[in-house]
Amino acid sequence: MEKTVLAAASVYKEKYYINPEFAKLPPLVKNDIKALCVTTAQRLHCVFMVGFYDDGSVFFEAQAEENDFIYDEIGAPLEIKRMTQERKELVEALQLYRRVFAGGDVEGL
């Protein structure tokens, strides 16, 4: 399944990125995504990404650099699963945005 990265933050390079394709997201949503990416990247010691699969569903993903012994390979997926449940409202809003504005599909509404 193809992925499109919406936003990402790297603890290694201390940088944040938002895909210009999603520049029309409301400012509050962009700020929420930025806070989520930056704090999660710091907490998990990784590159943390939020994005969409080609079917419009949202993904959260953590990637660590090779030989990063601080990164918890077991705890990170558990944290992402917990976060997905806690941030359900954000996930649903992003999916709706993707269907309506980025994908043009209004049938699922």
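Strand 1, residues 3-10, and strand 3, residues 47-53, pair in the antiparallel sense over seven bridges. Strands are taken here as DSSP runs of E with at least two residues, and helices as runs of H or I with at least four residues, both numbered from the N terminus. Two strands are said to pair if DSSP finds at least two bridges between them. Within this pairing, V5 stands opposite G51 of strand 3, and K3 stands opposite Y53 of strand 3.

Before I continue, please note that this is a predicted model, in which local features need pLDDT of at least 70 and side-chain atom pairs count only at pLDDT 80 or more, while totals for chains, interfaces and linings use all residues. Residues are numbered from 1 along each chain as its sequence is written, and side-chain values use heavy atoms, with hydrogens and water left out.

Let us turn to the other strand pairs. Strand 1 and strand 2 run antiparallel and are joined by four bridges. One of the bridge partners can be named: S10 is matched with K15 in strand 2. These two strands form a hairpin with four residues between them, and E14 in the turn has a positive phi of about 50°. Strand 3 and strand 4 also run antiparallel, with six bridges joining them. Here G51 stands opposite F59 in strand 4. Strand 3 and strand 4 form a hairpin as well, with four residues between them, and G56 in its turn has a positive phi of about 95°.

In what order do the four strands lie in the sheet? They form an open sheet in the order 2-1-3-4, with antiparallel pairing. Strand 2 and strand 4, the latter covering residues 58-63, are the edge strands, since each pairs on one side only. On average, neighbouring strands of this sheet are turned by 20° against each other, direction ignored. Five of the six residues of strand 4 are buried, so this strand is largely enclosed by the rest of the structure. Buried means under 20% relative accessible area, exposed means over 50%, and partly exposed lies in between, using a 1.4 Å probe and protein chains only.

We now add the helices. Helix 1 lies across strand 1, strand 2, strand 3 and strand 4, and runs at about 60° to strand 1. Helix 2 lies across strand 3 and strand 4, running at about 150° to strand 4. Axes are lines fitted to C-alpha atoms, for helices over the stretch in contact, and angles run from 0 to 180 degrees between N-to-C directions.

How do the two helices meet? The axes of helix 1, residues 27-44, and helix 2, residues 75-86, come within 11 Å and cross at roughly 150°. The two helices are therefore roughly antiparallel to each other; angles under 35 degrees count as roughly parallel, over 145 as roughly antiparallel, 65 to 115 as roughly perpendicular, and the rest as oblique. L36, T40, R43 and L44 of helix 1 meet A76, E79, I80, R82 and M83 of helix 2, where contact means heavy atoms within 4.5 Å.

Finally, consider two glutamates. E79 belongs to helix 2 and is buried, with a relative accessible area of 15%. Not counting residues up to four places away in sequence, E79 touches R43 and L44. E21 is found in the loop between strand 2, residues 15-18, and helix 1. With the same exclusion of residues up to four places away in sequence, E21 touches T4 and R98.
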